[in-house]
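User: I have a model open and some terms to check. Can you take me through them?

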Amino acid sequence: MIKKYFFHSIFLNLFFLKEVFAAESGGMPQLNPEFWVSQIFWLTLTFGILYIVLSKAILPKISSNLELRKSQIQENIEAAEKQRIESDTKLKEYDDFILKSKIKAKNIYKDAREKVIKDINSKKEVLDRQIDEEIKKAEKEIEVLKKNAPEKINKIAIETSSELIKKLIGAEINSSSISAIVDDLSKRNGDKYYGN
Amino acid sequence: MAANPMTQFEVYRIGPEVKIGSFDISFTNASLFMVISSLAILIIFNLGSKKNSVLPNKIQLLAELSYTFVSKMISDTAGSKAKPYFAFIFSLFMFVLFCNMFGMIPYTFTVTSHIIVTFVLAAFIFIGVTIVGFIKHGFGYLKLFVPSGVPIVLLPLIVVIEIISYLSRPISLSVRLFANMMAGHTMMKVFGGFVVSLGIIGGWLPLSFSVALTGLEILVAFLQAYVFAILTCIYLNDALNLHH
């Protein structure tokens, strides 16, 4: 049964030409002219309508769509290029600005530094002068003090001596005699005591 | 019976018999699939061209890719002069492709497996190309049969060969498509018949063959449409540019 089908189909494939010429049924239906006219008619009709609709309505639309997209993309690219150039110039401007401001800042710094140095110098001078004056004043005071010191010391010495004598001896001694002794001593040993 | 692999190619009437004069132009299953194919093409490409977005959706992409594919094919083979024939070649390619592809669906009818259909298309192309050639070049178009650089002794022979090859163009063009379609579908039917007749035990081998053949036939369906269109372009190129 299987074999029969197998060979049947094989034969049909290999020898269909024979069958075509032999019979209408069982051969190639393609060579049966019964519906040829119908097929030609419908082919012409459908293909004709397809061609007309495609060529008049659909293909121009697709074409214009593609063109539109192309031009749109081109425009976008151009716009992007333009913006790139713009941003480049802006960047350059910015760089210039930065450079200029750097130089300006440097100058300001320099000026400020010079000014400060000048100020410091002038103030230093004033201070120096003031210090000098103070020193001079102090020296003068010291001088005055130095001049007065022996007298005071003598006075203290006299008072202390009288006090000591009073405590030691218990006698009241005339201050004038003590002062005479102190004066005498100070005159002799003044240099030793005051370091002059 | 289903066992006969040729029954799938039978044309039968759908609806009443329509006659113009003595010609029968009834609506048949072949006509039905011509109408279905054409409608499918029109619907797909109409949807694909309806709205234009910069980022196309799937159907628009499909339409535009087909457009550029055919457009590139024509400009590659026939040059820029073939631009006016773009719509014809596009519809031809799409029609043949869709008819082939619809034929791949089980229980459908393959329009292009009928010699009369392919022959009418091929004859139309042949006559059209010849007319275009004579309009463009006048009687100079006959130079197509006289290749340059051929020894004078061989010339009569070459001219005869060239004329025969030129005249056989519609036959080769139509038979190529028709034979490919018919052979493929017959093969598939035969292997399908084996699956049934060998049953559950022996049927797996022909079934796997059938699956493989389906893939091959889809490839052939595309390829034959492409070949049909590109040969039309080549014939058109001969008619338009005439340098043999």
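Analyst: Start with two helices of chain B. In α1(B), I44(B), F45(B), L47(B), G48(B) and S49(B) meet I59(B), Q60(B), L62(B), A63(B) and E64(B) of α2(B). The model is predicted: local features need pLDDT of at least 70, side-chain atom pairs count only at pLDDT 80 or more, and totals for chains, interfaces and linings use all residues. Residues are numbered from 1 along each chain as its sequence is written, while chains are lettered from A and ligands numbered from 1 in the order in which they are written.

User: What makes two residues count as being in contact?

Analyst: Their C-beta atoms, placed from the backbone, lie within 7 Å.

User: Which classes of residue does the contact of α1(B) with α2(B) have?

Analyst: There are 6 nonpolar, 3 polar and 1 charged residues. Ala, Val, Leu, Ile, Met, Phe, Trp, Tyr, Cys and Pro count as nonpolar; Asp, Glu, Lys and Arg as charged; the others, Gly among them, as polar.

User: Why are α1(B) and α2(B) called roughly perpendicular?

Analyst: Look at the angle. The two helices pack at about 105°, with their axes 7 Å apart. Angles of 65 to 115 degrees count as roughly perpendicular, under 35 as roughly parallel, over 145 as roughly antiparallel and the rest as oblique. Therefore α1(B) and α2(B) are roughly perpendicular to each other.

User: What is the angle between α3(A) and α4(B)?

Analyst: These helices pack at about 45°, with axes 9 Å apart. That makes α3(A) oblique to α4(B). The contact is made by W36(A), Q39(A), I40(A) and L43(A) of α3(A) and I116(B), V117(B) and V120(B) of α4(B). By class, there are 6 nonpolar, 1 polar and no charged residues.

User: How do you know that the length of α4(B) agrees with its number of residues?

Analyst: Helix α4(B) has 23 residues, 115-137. The expected span is 1.5 Å times one less than the number of residues. That gives 33 Å, and the end C-alpha atoms are 32 Å apart, which agrees.

User: What makes a residue of α4(B) buried?

Analyst: A buried residue has 20 or more other C-beta atoms within 10 Å of its own; an exposed one has 12 or fewer, and partly exposed lies in between. Buried residues of α4(B) include I115(B), F119(B) and G133(B). The buried residues pack against α3 of chain A together with α6 and α7 of chain B.

User: What comes just after α4(B)?

Analyst: G138(B), with a positive phi of about 65°.

Definitions and conventions. Helices (H or I, at least four residues) and strands (E, at least two) are DSSP runs, numbered from the N terminus. Axes are lines fitted to C-alpha atoms, for helices over the stretch in contact, and angles run from 0 to 180 degrees between N-to-C directions.
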